[in-house]
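Hi,

Here is the structure I said I would pass on. Have a look at it first, and my notes come straight after.

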Amino acid sequence: MTRHIRRAAAFCALLLAALLVNAARVQVVRSEAYDGNPANRRAAIARYAQPRGDILVGGVPVTGSRDTGEQLRYERTYLDGPLYAPVTGFASQVYGTTFLEHSGDGVLSGSDPLLASFPLWDDVTRGRPAGGDVVTTLNPRAQRAAFEGLDGRKGAVAAVEPSTGRVLALVSSPSYDPAALSGNDARTERAWARLNGDPDRPMLNRAVRQTYPPGSTFKVVTAAAALDAGVITDLDAATDSPAPYRLPGTRTRLTNEGDGCEDAPLRDAFEWSCNTVFAKLGVDTGLAPMTRTAQAFGFNDLDVRIPFAVAPSTFDTSLDRAQLALSSIGQYNTRATPLQMAMVSAAVADGGQVRTPYLVERTTRRGGATVSTAGSRPSRQAMLPSTARRLRELMTDVVREGTGVNAAIPGAIVGGKTGTAQHGLGNAGIPYAWFVSWAQDVRDMEPRVAVAVVVEDGSARRGDITGGGMAAPIARAVMEAVLD
Amino acid sequence: MTRTGVGAGTTVVAADAPAPAAGLPRRRGVELALIVLAVLLSVYGYCAVGLAKLGAVPPGAAGYGAGLGVLALLAHLAVRWRAPCADPLLLPIAVLLNGIGLVLIYRLDLETPGDRASPTQLVWSTVGVGLFIVVVTVLGDHRVLQRYAYVCVVAALALLTLPVLFPPVNGARIWIRVAGFSIQPGEFAKVLLAVFFAAYLAANRTALTYAGRRIWRFTRMQLPTGRVLGPIVAIWLLSVGVLVLERDLGTSLLFFGLFVVMLYVATGRTGWIAVGLLLASLGAVAVGRLEPHVHSRVEDWLHPFASIDAGQGPNQLAQSLFSFAAGGMLGTGLGLGHSVLIGFAAKSDFILATAGEELGLAGLSALFLLYGLLVERGFRAGLSLRDPFGRLLAAGLASIVALQVFVIAGGVTGLIPLTGMAMPFLAQGGSSVVTNWAIVALLIRVSDSARRPYDRTRPEAHGDTGHGTHAEARDDAPPEARPRASDEGLGGGLGAEFGEGLGEARGGGADHTSPHTTSPHTSPHTSRRPG
C-alpha cells in the first residue's frame, strides 16, 4: 500500500505542478495579450483612476476633473466649455478624445513615458505618474472677443502671431459644452445623440476642420504671385483688364459688385476688390506661379498639425484658363480653412514668412516642471520681402479707405482684406462673409496678430452679407484684444 | 506492495510497512510559533487592504487579529492536550489559509457595499475551529470511525439528496437555506464518504485486488464479484446522479476522483483506474451532451473569449483570466486590483483570481505550495500509519484537498473546465470552511497516531522498530501487531467491535485483531478470500 500512497502523492504533486505551470502561463506569458484585450476594463479603470491633467489658457486651467467615486473615477469638467471646445475638444469615457484632449492625451492621462521620473521604479511600484498639463498659446481675451463677436452665428475665427505662428485664438460657432460628453451614463448618450443630430453641427471645428471658398480674401495670394512673377511692377499703373471680363475660352462674363474696375491699377483693384482685375491677373500670371505661391502659403499641404490635424486647404493644380481665372478670386475649387487664411495674412505681415502654426506652448508635469516645449519651428518664404511690403501697403489701404474700414483701430496699423465668397450650386447658397487682417500697434516693431474671420449667416439678407460689414468688426475686436 | 502472485492461496509478501516513527520530536513549540506567524501575516494583510482601500488601518484590525489569534490558540491548545504528537505544520497552514481567505473576502467586501461576507465567514470559521477542537478532543483514535462507516455513508447520501428538495440557486441544486444561512450539505458529505471509503476499502481490499472472474479467457484482466463490484458501480451512479440532479459537476467529480484514488491506494490495481476513467468518461460525455449547464461550462473553457467576439462582453472565465494576467509576477498589491469585475461568485468560486491579481504569480505560487504542503503532510501521515483504515483515510483526506484545489484552481485559470467548487479555506462559504477544518482535525488525529512512539512502557518495542520488525511485517500488518499502551483501552476494544460491526465476521476480522493478539505471519487475507 505504501507504494500506492506514494504514487497517489506523486499524482497530486503532478497536479500541483500543472497548476503552477498554468499560472505562470496565464500571469506571465499570456498576460500582455489579456491586458490588451479590448474587453478588459482595467486599462480604462487605471486611466480614470487619477485626475486628468489640465489644459491651460493664459496660465489658467480651462479644464478640471471631478471625482465621481465610480469605477471610472474621474470625469472631465470644463470651465467655459463652449468657448474653448474647438481647442480642447472633449475627453469622454465613452466616445474617446478629440483635439488637444486627444493629441495631448499621453501627457494629460499620465501615460506619456516622458512623465515617468524613474521608469523602472514606476514599473515596480506600478505607480502611474500624475497627469501633466498642456499649456496653450491661446490669448484668452482674443478668444473671448472672437467668440462674443460671432455671437452664436455660424462661423469661425482663427488668429495667429505672425512672427512665431502661435495660435492666439481658435473659435468655432455655434459651439457646445464638452462636459456633456465626459461621463458614461445615459445623459452622456443623449448629449452625444443630440449634438450629432443638430443641423448646426456644433461639434464641427470650423476654424480648422472646415474649408470654405476664400473668395476675395484669396486675392492676397493672387497679388503676391503676380508681384513675385513680375506681372505687376507698379501698384498704381493701370492694368489691361476689361469689365466685365469674359473668362478665356468661354462665354461666361465675370462682373464686379461695383463700378470703376475697368483697367484699374492693382492698388484700386485690391481696395475695391475687383473680380475682373484679379481673374485676369491670375490668368496672366499663369498656373505654375500661382500654384507655387499658393502652396508656399500652405495650400495643398495635407499634413498641417497644430498638433491636431488641420483640414488641408486646396488650390487646384490642373486648371484651364477659365478655371484659373475663377480660382484666382477664391472660387471654383479653391478652398481654405480660416486658420489657413490667417496664415496668409500673417505671411504678409511678417515680411513674407509663413510660420508653422502651433497651439501648444509646452507640456509640464503636475506642478509645472517642463516636459517639452514648442521649440523652433520651420518657416517658409511665401513671397519676396519686397512683395510682402507692397501687400502690406495694399492691405492697410483697404482698412484705411476701402472695403475694410470697419476693422480700423485707432493707434494701430491695421491691414485687411474683405471677401464675400459665393458657393453652392449656381452660387445659390448664402455667401460667406470673410475678413482677413493683421494689426500692429504704432509702438510695436512688428505686427502682433493676424486674424481670419468667416461668418456664414443664414439669417442675414443676401445683400447685407459683406466681409467688411459682418466679419471685419469681429476681426477688429480680436486684434484689439491682442494689442491691449 | 510487492505482489508475488495473484492466484488463490498465494502468499502475499509485502515489505512496505513503514519504518516506525519512534520518538519523533513533538514540536508543539514550532507549531505555536508558526501559528503566531500565520496570525500576524493575516493581520498584516488585513491592514494592507485597509491602507490601500481606506487609507487607514481598518478599525477592526485589532478585533480581527484577536479573534483569529484566539481561535488559533484554542485549536493549538486542543492539539497540545489531545494530540501532542501531531504534525506541527497542519494547523498553522490551516490558520494561514483561513486568515488569507478572510482578508481576501474582506477586501472584496469593500468593493461590494451591499454584500458583506467576511463577518459571516468569521462566524463560520469559528464554528469550523470549534468542530476542529471537538473532533481533536473527543475522537481519541481515528479507528473509532471505522465503526460508523455505514452511518457515515447513509448520512452522506442523505446530505447529498437533501438539496434536491430545495429550489436551485444559480442553476445548481446544492444549497439549502436554514434560518438565513445557506448550507451546502455536499461539502460535509465528502468527509463522511472518505471515512466510508476508507473503512469499506480497508475491509474489502483483498477481495477487490485478487478476486474474480476473468473477463476474457486469455487476458489477465479480472473482474471482482458482484458483491464487491456493486458498491463501486453504486458510487459511480451516485456521482452521475449528483451531477444530473444537482447539476454539480464539482462535487460529482470530486467524489469519483476520490473514490478512484482510494481504490487505487487500497488495491494497487491500475485496472481499477482504467475502469474508473472509463466510467468517468462515459458519465462525462453523457452528461456533457445532455446537460446544458455542464455543456456551457465546457464551451466556455474551450472558447473563453467567444462572448467578447459575440459582442456580449467578457464572461466570468475571461474576467478571471484578465484578473490573473493583471497580477503578473508580483501582483498589484492587496486592495489594488480589480477582480471585482468578475462579479457574481468573485468571493467564492473565483476568490483565487483576487489572490492572483493582487498577490501575483509569487503569491499564487505560495498559496499553491501551502496547499501542496498540506496534502503532502496528509500523505506522509498515511505512510507512517500501520492500520489500513488510517492509511486510506489519510490518503483520502489529502486527496480531497488536492483534487479540490486542482479542480477549482485549474478551472479559474483556464486549465480545465470550470466547476463550482470551493477553494479550501479561502473561498466564501460556511459549509466549506467547517468541512475543511474537520478534514484538518482528522489529519491531526491521524498524524498524531502516525508520529506517536509505539510503546513507551515496553522498551523492547523500540528495539523492534528497526529493520527487524520491518521485515516481519507483512503487507500492512495491522498496528495492533505491535500493541501500544495508549491503544489498549480504547483502540483494542474498537478493533474487535469493528470486526463485528462491519460485517467481517466471515474472515474473523483478521485485520483488526485485538491489540494483544500477534498477527500471523502469513497473510490474513487468504482466509477471507471469496470463492
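Below is what I found, starting with the contact between the chains and ending with some backbone details.

Keep in mind that this is a predicted model, so everything here is computed from predicted coordinates.

**Where chain A meets chain B**

The two chains bury about 3,700 Å² between them, and 70% of that is on carbon and sulfur atoms. On the chain A side, the residues that lose the most area to chain B are A:Met1, A:Gln27 and A:Arg42, which together make up 22% of what that side buries. In residue terms, the contact takes 33 from chain A and 53 from chain B.

How many salt bridges are there between chain A and chain B? The count is 1. That salt bridge pairs A:Arg42 with B:Glu357, with the closest N and O atoms 2.9 Å apart. So you meet A:Arg42 twice at this contact: it is among the residues of chain A that lose the most area to chain B, and it forms a salt bridge with B:Glu357. Counting residue pairs in polar contact, with both residues at pLDDT 80 or more, gives 9 between the two chains.

Which helices of chain A each supply at least two residues to the side that touches chain B? They are H1 (2-29), H2 (31-35) and H3 (42-47). H1(A) gives the most, with 21 residues. By type, the side of chain A that touches chain B divides into 17 nonpolar, 8 polar and 8 charged residues.

**One helix pair across the contact**

If you want a place to zoom in, try H1(A) against helix H9 of chain B, residues 249-267. Their axes are 7 Å apart, and the helices pack at an angle of about 150°. Because of that angle, H1(A) is roughly antiparallel to H9(B). From H1(A), the contact uses A:His4, A:Ile5, A:Arg7 and A:Ala8, while H9(B) brings B:Val261, B:Tyr264 and B:Val265. The residues of this helix contact divide into 5 nonpolar, 1 polar and 1 charged.

**Salt bridges in the whole structure**

Over all chains, a search finds 37 salt bridges. One to look at is in chain B, where the side chains of B:Glu358 and B:Arg107 meet at 2.4 Å, N to O. B:Glu358 lies in helix H14 (residues 351-384) of chain B and B:Arg107 in helix H3 (residues 90-109) of that chain, so this pair ties together parts that are 251 residues apart in sequence.

**Backbone details in chain A**

Where are the cis peptide bonds I would point you to? One joins A:Ser173 and A:Pro174, with omega about -5°. A:Pro174 lies in the loop between strand S9 (167-173) and helix H9 (186-197) of chain A. Another joins A:Ala243 and A:Pro244, again with omega about -5°. For A:Pro244, the place is the loop between helix H10 (219-229) and strand S10 (245-246) of chain A.

Last, have a look at A:Phe99, which has a positive phi of about 50° although it is not a glycine. A:Phe99 lies in helix H5 of chain A, residues 99-103.

Cheers

Methods. Residues numbered from 1 in each chain as written. Chains lettered and ligands numbered in written order. Heavy atoms only, no water. Contact = heavy atoms within 4.5 Å. Buried area = accessible area lost by both parts, 1.4 Å probe. Salt bridge = Lys/Arg side-chain N within 4 Å of Asp/Glu carboxyl O. Polar contact = N/O pair within 3.5 Å; in protein donor to acceptor, adjacent residues only side chain to side chain. Helix = DSSP H or I, 4+ residues; strand = E, 2+ residues; numbered from the N terminus. Nonpolar A, V, L, I, M, F, W, Y, C, P; charged D, E, K, R; others polar. Axes fitted to C-alpha atoms, helices over the stretch in contact; angles between N-to-C directions. Parallel < 35°, antiparallel > 145°, perpendicular 65-115°, else oblique.
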